[in-house]
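Colleague: I am new to this structure and would like to learn how to read it. Could you take me through some features one at a time?

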Amino acid sequence: MSPSIVAVCVVHEIKRDAGIVGRTAIDKRPVDGPVRVGMLGLDGDIQCDTERHGGPDKALYVYAEAEAQRWAAELGRPARPGMFGENFTVRALAVTDAVVGEQWRMGAEVRVEVTSPRLPCTTFARHVEQTRWVRRFSDRTDVGVYLRVLQTGWVAAGDSIQRLHVPEHRVTAREVFTALMNGPVDPDRMRLLLTGDALAAGLRPYLERALARRT
């Protein structure tokens, strides 16, 4: 089975939230037909907490259908596309094991680059209404990835995903997330990652501090 887009999701409703911002756009739902991808994400989508979400380095969030279904079985309820706040639910792609800086073509036009793992927050926990959710989601480390848009265009559910480029450092989004959570890390490879500019700029100081703690 070739990698493909299962659903393209944008914000369905701005919800009130107990966090500092007071509202959230995490409630994403699938849309029908082609959707335009711009440099800052999908047409019709927004972020409320723009300090931690969105921007060129986090224009799109991707989550794997297989992992969503595993959560559905564990939680005892359906995991509809968009439930995890993702813009793209994708099939046959090990999303969190993508290399930071890896580039994909989505559909015929859109080209994107993997920039970082997702760091789950308490807004996410309130959205899914699960106790200890941040810890549970983090412990599994299947957190999904953010993308930078390199070439704009149109995408739709059913479109293919093609891997175009994989950087030589081979540091995956999962490895970056593990390093940030004080797990095992290969410092040399991480430092090689930091010599480039693929990693989301906002994440760079956190990774640098994580590496400094190990020296």
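Modeller: This is a predicted model. A helix makes a plain starting point: in α4, the residues Ala173, Arg174, Val176, Phe177, Thr178, Ala179 and Leu180 are buried.

Colleague: What does that say about helix α4 as a whole, residues 173–180?

Modeller: Seven of its eight residues are buried, so helix α4 is largely enclosed by the rest of the structure.

Colleague: What covers the buried residues of α4?

Modeller: The cover includes two strands, β10 (110–117) and β11 (145–151), together with the helices α3 (133–140), α5 (187–194) and α6 (204–212). Just after α4, asparagine 182 has a positive phi of about 70 degrees.

Colleague: Now the sheet. How should I read strand pairing?

Modeller: Strands of a sheet pair through backbone hydrogen bonds, and the pairing is either parallel or antiparallel. Here an open sheet of eight strands, with mixed pairing, runs in the order β4-β1-β8-β7-β11-β10-β9-β13.

Colleague: Which strands stand at the edges?

Modeller: β4 (28–30) and β13 (161–165) do; each has a single partner strand, so one side of each is left without a neighbour in the sheet. On average, neighbouring strands of this sheet are turned by 35 degrees against each other, direction ignored. Helix α1 (residues 65–75) packs on the sheet and touches β1 (4–11), β7 (60–64) and β8 (88–91). The direction of α1 makes about 60 degrees with that of β7.

Colleague: In which sense do β9 and β10 pair, and over how many bridges?

Modeller: Strand β9 (residues 103–106) pairs with β10 in the antiparallel sense, over four bridges. Within these strands, methionine 106 stands opposite valine 110 of β10.

Colleague: Strand β9 also holds glutamine 103. Is that residue buried or exposed?

Modeller: Glutamine 103 has 12% relative accessibility, and because the cut-off for buried is under 20%, it counts as buried. Its side chain is joined to that of arginine 111 by a polar contact of 2.5 Å. Beyond its neighbours within four places in sequence, glutamine 103 has contacts that include Leu150, Gln162 and His165.

Colleague: Last, the cysteines. How are disulfides read?

Modeller: A disulfide is a covalent bond between the sulfur atoms of two cysteines. The count here comes to zero disulfides. Cysteine 9 is in none, and the nearest cysteine sulfur, that of cysteine 48, is 17 Å away. Cysteine 9 is buried, at 0% relative accessibility.

Colleague: Why is cysteine 121 without a bond to cysteine 48?

Modeller: The sulfur of cysteine 121 is 12 Å from that of cysteine 48, its closest cysteine sulfur, which is too far for a bond. Cysteine 121 is partly exposed, with a relative accessible area of 24%.

Technical notes: Residues are numbered from 1 along each chain as its sequence is written. This is a predicted model: local features need pLDDT of at least 70, side-chain atom pairs count only at pLDDT 80 or more; totals for chains, interfaces and linings use all residues. Side-chain values use heavy atoms; hydrogens and water are left out. Buried means under 20% relative accessible area, exposed over 50%, partly exposed in between (1.4 Å probe, protein chains only). Contact means heavy atoms within 4.5 Å. Two strands pair if DSSP finds at least two bridges between them. Axes are lines fitted to C-alpha atoms, for helices over the stretch in contact, and angles run from 0 to 180 degrees between N-to-C directions. A polar contact is a pair of N or O atoms within 3.5 Å; within protein, one must be able to donate a hydrogen and the other to accept it, and residues adjacent in sequence count only if both atoms are side-chain atoms. A disulfide is a pair of cysteine sulfur atoms within 2.5 Å.
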